[in-house]
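Let's take a walk through this structure together, from the meeting of its chains down to a few unusual spots in the backbone. Have the sequence and the coordinates open as you read.

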Amino acid sequence: MAKKPVTFTLNGRESAAFAEEGQNLLDFLRRSVGDLSPKYGCGQGGCGGCTVLIDGEPHLSCLTLAEAAAGRKVETASGLATGPVLHRLQEAFMERFAAQCGFCTPGMLVSAKALLDRNPRPTREEVIEALSGNLCRCTGYEPIIEAVLDAAGERARA
Amino acid sequence: MPKDSGIGASIKRREDVRFLTGAGNYTDDINVAGQTYAYFLRSTVAHGKIVSVDTAAASKMPGVLRIFTGADFEAVGGLPCGWQITSRNGEVMKEPRHPILASGKVRHVGDPIAAVVAKSLAEARDAAEAIGVEIEELPAVVDMRAAISGAAPAVHDEAPDNLCYDWGFVEENREAVDAAIKSAHHVTTLELTNNRLVANPMEPRVAIGDFNRASGDSTLYTTSQNPHVIRLLMGAFVLGIPEHKLRVIAPDVGGGFGTKIFHYAEEAFCTFAAKALNKPVKWTADRSEAFITDAHGRDHVTKIELALDKDGKFLAIRTATLANMGAYLSTFAPSVPTWLHGTLMAGTYTTPLIYCNVKAVFTNTVPVDAYRGAGRPEATFQLERVIDKAAREMGIDPVEIRRRNFIPADAFPYQTPVAVAYDTGDYHATMDKLVEIADFAGFEARRAESAKRGKLRGLGLSSYIEACGIAPSNLVGQLGARAGLYESATVRVNAAGGIVVMTGSHSHGQGHETTFPQVIAEMFGCPEANVEIVHGDTGRGPMGMGTYGSRSIAVGGAAMVRAAEKIIAKAKRIASHLMEAAVEDVEFANGVFSVAGTDKKVDFGSVALAAYVPHNYPLESIEPGLEETAFYDPSNFTYPAGAYAAEVEVDPETGAVTLLAFSAADDFGNVINPMIVTGQVHGGIAQGIGQALLESAVYDANGQLLTGSYMDYAMPRADDLPMYAVDHSCQTPCTHNPLGVKGCGEAGAIGSPPALVNAVLDALNAGGIGVEHIDMPLSPSRVWAAIQSAK
């Protein structure tokens, strides 16, 4: 099978790997690059578990060709923290008990980061809208929505 | 002031650090050196005779290592069923063979016909497409009433009438129930469907089989709620691998909700193929494959009759239920509509006479088994729906009719007429709390406000009870269970005082790694950080039964307490030696052993060190080391209960239902971590709302699943759910387990669907639209159709 080298930036670091013909970005990141944080939930763009940022915009990596990342900046949940210091979204998720089984969490965090990057003070409705493509089966969403609002600094932490 | 440590503290979860940084270790994140990939060729028809499977050309395709068919598995066992039900006539249930790969016939869309193992997944998939399969399609049966009509095709030759069993409970009560209903002042009858659901944990199922040629050991990595159970079922009943040569590891698991309890064909296949090929074999379900292979939930059709006296007191209940088993018996399928359902038909009420008939039916659909609540949501739904209907018919307020029939708080322990005996409860207390937090008093004003906007507002409630921590083993054995229902724990205190707990419970979102250390911290007077929880690996802990039925803290936690008590007892003996005091005089508090009335004391860590460096130690009377194991088999179920309310607005023009508020007042007994309990209730309610408003697994008449993806099966999304008011301050501790806990995992999914349906019907009826029932999910089209037919 023909393989193509793909050079891109992953969470701020130069990265390169061979992509197979027709390989999607999710499979490329997980199997070829070794970033296991994006999750395969449906492979059909229906669950948001594979969400990554490409040049700051959220993309469903299961529906994106690996080559689409060439020369671009890719961000995943594994790059959110700075060393041992958690990102404010991760802190807020922990405070609010916004992850249970944790499987949808990387995609949720990435979708939430995209929102806060473009809209630092979202309304509750804007948070819900931004997360409506990400399925969570454990939490009922409420703590996730609260966590994103907390991270936005809309109000003081409880 | 809220506690910041031990039992009752809302400690943040330690597992979150890995989940939030993308470092969770789920089965698909595991890659074994040299692994190969399995792809299953599955039936696209619901029922058919396999005429031929030609793998010759496909076997020669690039990367293919071997193609397996049903013939390869004729010498091993089929997937076992873990519960045998006996019919009213004394015959045991029909239990047809469930082969690893289909043999002779296919019986549902998704039934595996062949499996390709290749060097890459793409090659395995390509080869599967090249397999020549000839199937002679047979008529399929999907509808349960049709299946048992006598005119339907037989799913299995052994069950020509498609009847798995015909169960009556309590059979001795049947005539008395019939008589009570015949002579009652009022009888309310309701026919309803409990819609078929797909559990849909966000992580699809995955299995990796690995064989070590040097040791002859097999290892299975799998997405399971109970790895020891999988080891037992697969090792002893399917593949014939002794347990000491088989290790099952269930690492981080991305949600279970029941559907990851069961032993699935893919687990046995990957273990078998890894040994046959001497290579690791990995399989990851794609989502559409999950829809047609994960065991589904619910799917009951019930007629319920409730007899009442003139004051609205319940006299008798009679039910007749058809329960869909699907095409094969999944691991615990027969127990769900019977012992997990009939025994709950008393609910929170004093109804003296109850009779349930359940006919379990084979159809050409995916097997149906336990899904969050398992039998108890079905019981609660029919009961709480028929009570609301009776209240409306008799002109009694829905809160009042329930209060008139509640088991009073001073009547516990309470023996129900359906075998189970409730130890504790206070149903008026949770109803009082609900009325307060849902602001029943202000509802009519809110209704009037909605009416001004042309909307119909409704308030609906339910009172539920569930039975958790199913037990004791000797009783469930008499009822047909083929497994024990104890739990185990090993508590190992290391030489430097660090503690490892190996539990048979499995955490797949419940937060055991946080809550179990809270209990140990409370008992040993140490920080939680000193305690590590090990679970999900048969190679590291004693035989355990896993996590389902809200049993982890009530049964697994109790086992851990028992093992920890043994540690304290032994440590006291060691401390008595170190302090040169009589063991009876040794006290233990806050991590320090002391002698009453003296200043002698020795801390826990010093005792642990003495146990492992036994220089000054009574070796003649006490063994070195500080490690204890306990198996805990509960003497009874636990009985969490509560009252739920939903407030909705219905648009009479479109039938659209807007859920405005949801309130839950639960009694879980003692609570270890309130934050986690609240999260469990939230999640359960979300799934119950999903069932009531959105979700339904739909088959066409030919047995094709029409809802096989997230485009067709409506999962609740962030914009579908309201804010919740959740309270668990009403606490009647369980009297028969050492922690006084009851379990909280399923409550939300049990109590919420009837509250929602009752709310919508309240909105319609109060708005002058006489509708007695709408089957779930209450989609706009169904509600609109009901409104039109009432006009």
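What follows starts at the interface, moves on to the empty spaces, and ends with some local details.

First, some ground rules: this is a predicted model, in which local features need pLDDT of at least 70 and side-chain atom pairs count only at pLDDT 80 or more, while totals for chains, interfaces and linings use all residues. Residues are numbered from 1 along each chain as its sequence is written, chains are lettered from A and ligands numbered from 1 in the order in which they are written, and side-chain values use heavy atoms, with hydrogens and water left out.

Let's begin where the two chains meet. Chain A brings 47 residues to the contact and chain B brings 53, where contact means heavy atoms within 4.5 Å. Between them, about 4,000 Å² is buried, and carbon and sulfur atoms give 62% of that area. Buried area here is the accessible area (1.4 Å probe) that two parts lose on being put together, summed over both. On the side of chain A, the residues that lose the most area to chain B are M94(A), F97(A) and R137(A), together 22% of what that side buries.

What about polar links across the interface? The rule finds 21 residue pairs in polar contact between chain A and chain B, both residues being at pLDDT 80 or more. A polar contact is a pair of N or O atoms within 3.5 Å; within protein, one must be able to donate a hydrogen and the other to accept it, and residues adjacent in sequence count only if both atoms are side-chain atoms. The surface that chain A offers draws at least two residues from each of α1 (25-33), α2 (88-96), α3 (105-118), α4 (124-131) and α5 (142-151) of chain A. Helices (H or I, at least four residues) and strands (E, at least two) are DSSP runs, numbered from the N terminus. By class, that side of chain A holds 25 nonpolar, 14 polar and eight charged residues. In this scheme Ala, Val, Leu, Ile, Met, Phe, Trp, Tyr, Cys and Pro count as nonpolar, Asp, Glu, Lys and Arg as charged, and the others, Gly among them, as polar.

Side chains of opposite charge can pair when their charged atoms come close. A search of the whole structure finds 56 salt bridges over all chains, and four salt bridges cross the interface of chain A and chain B. The term stands for a side-chain nitrogen of Lys or Arg within 4 Å of a carboxyl oxygen of Asp or Glu. One to look at joins D29(B) and K39(A), at 2.7 Å from N to O. This pair runs from the loop between α1 (16-20) and β1 of chain B, home of D29(B), to the loop between α1 and β3 (51-54) of chain A, home of K39(A).

Now for the empty spaces. On a 1 Å grid over the protein atoms alone, a cavity is a set of points where a 1.4 Å probe fits but cannot get out, and a pocket is an open set with protein on both sides within 12 Å along at least five of seven lines; lining residues have an atom within 4 Å of a point. Grid points are joined across faces, edges and corners, and a volume is the space filled by probe spheres set on the points.

The largest pocket has a volume of about 870 Å³. Among its 34 lining residues, N24(A), D27(A), R31(A), L121(B) and R125(B) are the closest to its centre. The helix α1(A) gives the most to this lining, with four residues.

There are 11 cavities of 30 Å³ or more, and the largest holds about 790 Å³. Of its 49 lining residues, Y548(B), G549(B), S550(B), R551(B) and G745(B) lie nearest its centre. That lining has 24 nonpolar, 20 polar and five charged residues.

Finally, the backbone. Most residues other than glycine have a negative phi, and most peptide bonds are trans. Yet a cis peptide bond joins F412(B) and P413(B), with omega about 0 degrees, and another joins M776(B) and P777(B), with omega about -5 degrees. D55(A), in the loop between β3 and β4 (57-60) of chain A, has a positive phi near 50 degrees.
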